[in-house]
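Thanks for coming, I will keep this short. Please have the structure open on your screen while I talk.

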2 protein chains.
Amino acid sequence: MGRPRSYSREAVVEKAMGVFWQNGYKATSISDVVRETGLNTASMYKEFGDKEGLFSAALDHYRDHVIGPRYRILIDNPNLEGVEMFLRNVFLGAAKSEYKGCLMMNHLAQKHVISPEAAEQVGAFCAEVESLVEAALRNAQADGDIGPDKDTAQLASFLVFCVHGTVLYGRHDEKKHVIPNFYDMIMREIRE
Amino acid sequence: MGRPRSYSREAVVEKAMGVFWQNGYKATSISDVVRETGLNTASMYKEFGDKEGLFSAALDHYRDHVIGPRYRILIDNPNLEGVEMFLRNVFLGAAKSEYKGCLMMNHLAQKHVISPEAAEQVGAFCAEVESLVEAALRNAQADGDIGPDKDTAQLASFLVFCVHGTVLYGRHDEKKHVIPNFYDMIMREIRE
DNA sequence: TTTATTTTAAAATAAATGTTTTAAAACTAA
DNA sequence: TTAGTTTTAAAACATTTATTTTAAAATAAA
């Protein structure tokens with residue numbers, strides 16, 4: 001009963017996420033989001049509580065619907081080939097001219113500007129990616145695709161470290177074209 | 001003639017830089033800077049023009065007085081040992097509990113939030129570091145410390161890429177302790 | 001001492017920010 | 001039809017923001 005809502009929560013979150021991704025949390029105003037989504041502030045606050053709640057919902061949406069498919073590669077291929085495809089995919093994304101980085105990692109440099117809850121979402125996301133990579137590398141080791149003496153946890157950390165590097169280095173429009181060249185270096189370091 | 005100024009420009013810039021480093025450009029208000037420096041807004045605006053001018057001065061100060069000494073290692077030791085010391089130094093900085101990243105690279109994810117001039121300062125700084133590393137690696141190659149078939153420009157890019165990775169990955173308080181382990185991996189990739 | 005000049009402290013401004021309130025609109029159940 | 005409920009549109013709110021103005025304070029030269 002009551003007046004029916006004129007919006008879809010998911011559509012609103014999707015657009016809000018886009019604004020946060022583009023501008024970052026602090027440089028995004030509620031007005032920006034209202035303008036982009038067409039939703040009024042009252043409904044916005046009723047649905048999400050406050051700006052932090054909206055950002056938190058945007059982070060969840062990003063994990064579940066935007067970046068999820070990208071690291072699904074690691075779930076579907078929990079082995080060396082999966083890791084290779086994953087890294088190629090990350091590099092491919094960074095090559096685009098409109099590259100915006102990663103909504104999560106973009107906010108690492110402003111960890112204390114976002115809410116503690118959001119900061120934890122970011123941390124948990126990165127940890128999750130790392131553990132997926134590690135699982136794949138453990139299998140790769142069992143497959144004999146990487147040396148038996150290799151520390152898979154450390155290799156996984158290094159790979160995610162390089163993803164972080166991509167997120168930042170990929171912002172140099174004039175330099176990012178070299179990133180794909182790092183693929184062989186990184187994979188060699190993992191294999192041998 | 002006229003009333004003598006009660007502040008030292010350099011001291012003001014130094015403190016302002018600290019606030020920008022801690023909070024980032026967008027999350028730093030002039031009030032924050034005024035509170036920290038003790039300088040009044042009128043003198044602030046007379047000296048720096050506007051917030052962007054102040055930030056620009058802070059970036060210059062960072063380059064010339066804070067981070068300069070760190071990559072002076074590369075000037076004083078333009079060879080493989082210099083590159084090794086430089087990287088160890090970067091990793092050492094990230095190990096600190098109060099690690100704040102790099103004032104320049106911290107703002108790469110918000111390149112369009114800062115002024116075009118500031119964005120250029122950031123880009124120029126990173127390019128400068130990279131060219132210093134490359135010069136050192138070219139010498140290292142001449143010294144026979146790295147393979148004659150190695151692409152020194154690409155290796156320099158990779159090293160700076162890893163510095164970018166450090167700046168972001170170093171924000172994971174629970175994970176950053178693994179970063180020093182990457183030293184051997186990266187240097188091996190450069191050497192062999 | 002006066003005048004000119006510059007900095008300072010403090011107040012003022014205008015716009016933007018995050019958030020809340022008010023009242024009208026759109027629906028359901030009685 | 002009415003009463004009850006929820007969403008909406010619009011305005012209102014208090015705070016913060018970047019910036020400017022005003023007037024007092026501190027100096028040097030005339």
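I will go through the surface around one DNA strand, then the relation between two protein chains. Keep in mind that this is a predicted model.

Start with DNA strand D. There are 24 residues around this strand, and those that come nearest are A:Arg5, A:Ser6, A:Ser43, B:Ile30 and B:Lys51. Of the strand D atoms that come within 4 Å of the protein, 75% belong to sugar and phosphate. By type, the residues of this surface are nine nonpolar, nine polar and six charged.

Now some individual polar contacts. A:Ser43 places a polar side-chain atom 2.5 Å from a phosphate oxygen of strand D. From the other chain, B:Thr28 has a polar backbone atom 3.4 Å from a phosphate oxygen of strand D. A base is involved too: one of the base oxygens of strand D is 3.0 Å from a polar backbone atom of A:Arg3.

Which elements give two or more residues to the surface near strand D? They are α3 (41-48) of chain A and α3 (41-48) of chain B. The largest share comes from α3(A), with four residues.

Next, the two chains. Chain A superposes on chain B after a rotation of 180 degrees, with 0.0 Å of shift along the axis and an RMSD of 0.0 Å. That is the relation of a two-fold axis. Within chain A, A:Gly165 has the C-alpha nearest the axis, at 1.8 Å. Both copies use the same surface, as 98% of the contact residues of chain A recur in chain B.

That is what I have for today.

Terms used: Residues are numbered from 1 along each chain as its sequence is written. Chains are lettered from A and ligands numbered from 1 in the order in which they are written. This is a predicted model: local features need pLDDT of at least 70, side-chain atom pairs count only at pLDDT 80 or more; totals for chains, interfaces and linings use all residues. Side-chain values use heavy atoms; hydrogens and water are left out. A residue is near a molecule or strand if one of its heavy atoms lies within 4 Å of it. A polar contact is a pair of N or O atoms within 3.5 Å; within protein, one must be able to donate a hydrogen and the other to accept it, and residues adjacent in sequence count only if both atoms are side-chain atoms. Ala, Val, Leu, Ile, Met, Phe, Trp, Tyr, Cys and Pro count as nonpolar, Asp, Glu, Lys and Arg as charged, and the others, Gly among them, as polar. Copies are superposed by least squares on the C-alpha atoms of residues with pLDDT of at least 70 in both. Contact means heavy atoms within 4.5 Å.
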